[in-house]
Amino acid sequence: MNQEVAKLAWRAIIDYLGGDMKKYKELINKAMAIYKQSFMCECGEVLIKGTLKRGKIEIDIMLCTHCGQVYLNGEKFRKCNVRRVNKC
């Protein structure tokens, strides 16, 4: 979880316990928007930016460093063939 998301979640919990439901919902929505945009895979590992070449076309993707899942525009695209990934 992103540090900013955690901070917003804690503030939302405090507002909820204080009875301020409007502020609670506002902070939760902000935290969820940031969480969805963050670079995290479903397995919990970090995603890295990359490009996928299809002929002459280059597509911007996000690649999971653990399970090899490839994301295109925030959606699951396919699993990467791990044998073809260069490890540093």
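How many residues lie between E1 and E2 in the hairpin, and which residue in the turn has a positive phi? I began the notebook with this point, keeping in mind that the model is predicted. I found that E1 and E2 form a hairpin with 2 residues between them, and that glycine 55, in the turn, has a positive phi of about 70°.

I then looked up how the two strands pair, and noted that strand E1, residues 47–54, and strand E2, residues 57–64, run antiparallel and are joined by 8 bridges. For arginine 54 I recorded isoleucine 57, in E2, as the bridge partner.

Next I turned to the cysteines. I noted that the structure holds 0 disulfides, and I looked up cysteine 67, whose closest cysteine sulfur is that of cysteine 64, at 3.6 Å. I did not enter this pair as a disulfide, because 3.6 Å is too far for a bond, the cut-off being 2.5 Å between the sulfur atoms. I also compared their exposure: cysteine 64 is buried at 4% relative accessibility, whereas cysteine 67 is partly exposed at 22%.

My last entry concerns glutamine 69, which I located in strand E3, residues 69–72. Is glutamine 69 buried or exposed? I entered glutamine 69 as buried, because its relative accessible area is 8% and the cut-off for buried is under 20%. Leaving aside neighbours within four places in sequence, I listed its contacts as Cys41, Met62, Leu63, Cys64, Lys76, Phe77, Arg78 and Lys79.

Key: Residues are numbered from 1 along each chain as its sequence is written. This is a predicted model: local features need pLDDT of at least 70, side-chain atom pairs count only at pLDDT 80 or more; totals for chains, interfaces and linings use all residues. Side-chain values use heavy atoms; hydrogens and water are left out. Helices (H or I, at least four residues) and strands (E, at least two) are DSSP runs, numbered from the N terminus. Buried means under 20% relative accessible area, exposed over 50%, partly exposed in between (1.4 Å probe, protein chains only). Contact means heavy atoms within 4.5 Å. Two strands pair if DSSP finds at least two bridges between them.
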